Amino acid sequence: MLISRIGVAVMTGGQSSRMGTDKAGLMFNARETFLQKICGRMSFFPERYLSVNAERSYEVQDFVPVVDEISGAGPAGGILSVLRRSEAEAVLFLACDMPCFTRDEAYRLISIYSGEDVLIPAVSGRWQPLASLYSKRVLPFFEESINSGEFRLRDIIRKTAYREVPVPWEYTFNYLNVNTPEEYRSLINNPHNRQ
């Protein structure tokens, strides 16, 4: 799939309940927040979005903010809103609390994407729905599920023509998810993670 047909969206609308503070604003290094780091790495996409909720707004140069059209629907609502807005054939959605996700890994996923409804990486069998490619063809599934009060991404994805792809061990660091103060301390105390 040509990169020109794919967009990217960084998800920032989470509650950050386990962290106790807004994860998008956490410092990744001395100069950049989590959000700035991941957006900087994804700046090569022709279409770039920030998925935001109505309570919290962010601005990143060259990233278009898209406010959740349906409040309280979690990531599913953000995915729905961005896909409705995007002109790309598919969008790579990335959680802002995965600051180690690299440009190379984005290119790798694009290189193996062959037009399925959802391309979902799996780390040791565990799905990574907020580091996945979603085709615009999934819109009806998201609309129907959200309208019926079903917001769980795994359940929505299972209704689609998805493909699960195992992540090779050497690429698993990209999927480090920072949810708690302990995980954040571990990240900032390990210089290898913060390149």
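The legends below describe an overall view and several close-up views of a predicted model.

Residues are numbered from 1 along each chain as its sequence is written. Because the model is predicted, local features need pLDDT of at least 70 and side-chain atom pairs count only at pLDDT 80 or more, whereas totals for chains, interfaces and linings use all residues; side-chain values use heavy atoms, with hydrogens and water left out.

**Figure 1. Overall view of the protein, with six helices and eight strands.** Helices (H or I, at least four residues) and strands (E, at least two) are DSSP runs, numbered from the N terminus. The order of elements from the N terminus is β-α-β-β-α-β-α-β-β-β-α-α-β-α. Of the 195 residues, 51% count as buried; buried means under 20% relative accessible area, exposed over 50%, and partly exposed in between (1.4 Å probe, protein chains only). The protein exposes about 9,400 Å², of which carbon and sulfur atoms supply 49%; accessible areas come from the Shrake-Rupley method with a 1.4 Å probe, and for residues only the protein chains shown count as cover. Among contacts (heavy atoms within 4.5 Å) with a separation of 6 or more, 67% link residues 24 or more positions apart.

**Figure 2. Close-up of strand 5 (residues 118-123) and its pairing partners, strands 6, 7 and 8.** All six of the six residues of strand 5 are buried, so the strand is largely enclosed by the rest of the structure. Val118, Ile120 and Ala122 point one way, and Leu119, Pro121 and Val123 point the other way. Two strands pair if DSSP finds at least two bridges between them. Strand 8 (residues 162-166) runs parallel to strand 5 and is joined to it by five bridges, with Arg163 as the bridge partner of Leu119. Strand 7 (residues 131-135) pairs with strand 5 in the antiparallel sense over two bridges, and Leu133 of strand 7 stands opposite Leu119.

**Figure 3. Close-up of the hairpin formed by strand 5 and strand 6.** The pairing of strand 5 with strand 6 (residues 126-127) is antiparallel and comprises two bridges. Arg126 in strand 6 stands opposite Val123. Two residues lie between the strands, and Ser124 in the turn has a positive phi of about 50°.

**Figure 4. Close-up of Asp117, in the loop between helix 3 (103-112) and strand 5.** Asp117 counts as buried, at 8% relative accessibility. Its side chain forms a polar contact of 3.0 Å with the side chain of Arg137. A polar contact is a pair of N or O atoms within 3.5 Å; within protein, one must be able to donate a hydrogen and the other to accept it, and residues adjacent in sequence count only if both atoms are side-chain atoms. Leaving aside neighbours within four places in sequence, the residues in contact with Asp117 include Leu133, Tyr134, Val138, Phe141 and Thr160.

**Figure 5. Close-up of helix 2 (residues 74-85).** The 12 residues of helix 2 reach 17 Å from the first C-alpha to the last, close to the 16 Å expected at 1.5 Å a residue; the expected span is 1.5 Å times one less than the number of residues. Among the buried residues of helix 2 are Ala76, Gly77, Ile79, Leu80 and Leu83.

**Figure 6. Close-up of Cys96 and Cys100, both buried.** The relative accessible area of Cys96 is 6%, and Cys100 has a relative accessibility of 3%. A search of the whole structure finds zero disulfides, a disulfide being a pair of cysteine sulfur atoms within 2.5 Å. For Cys96, the nearest cysteine sulfur is that of Cys39, 8.7 Å away.
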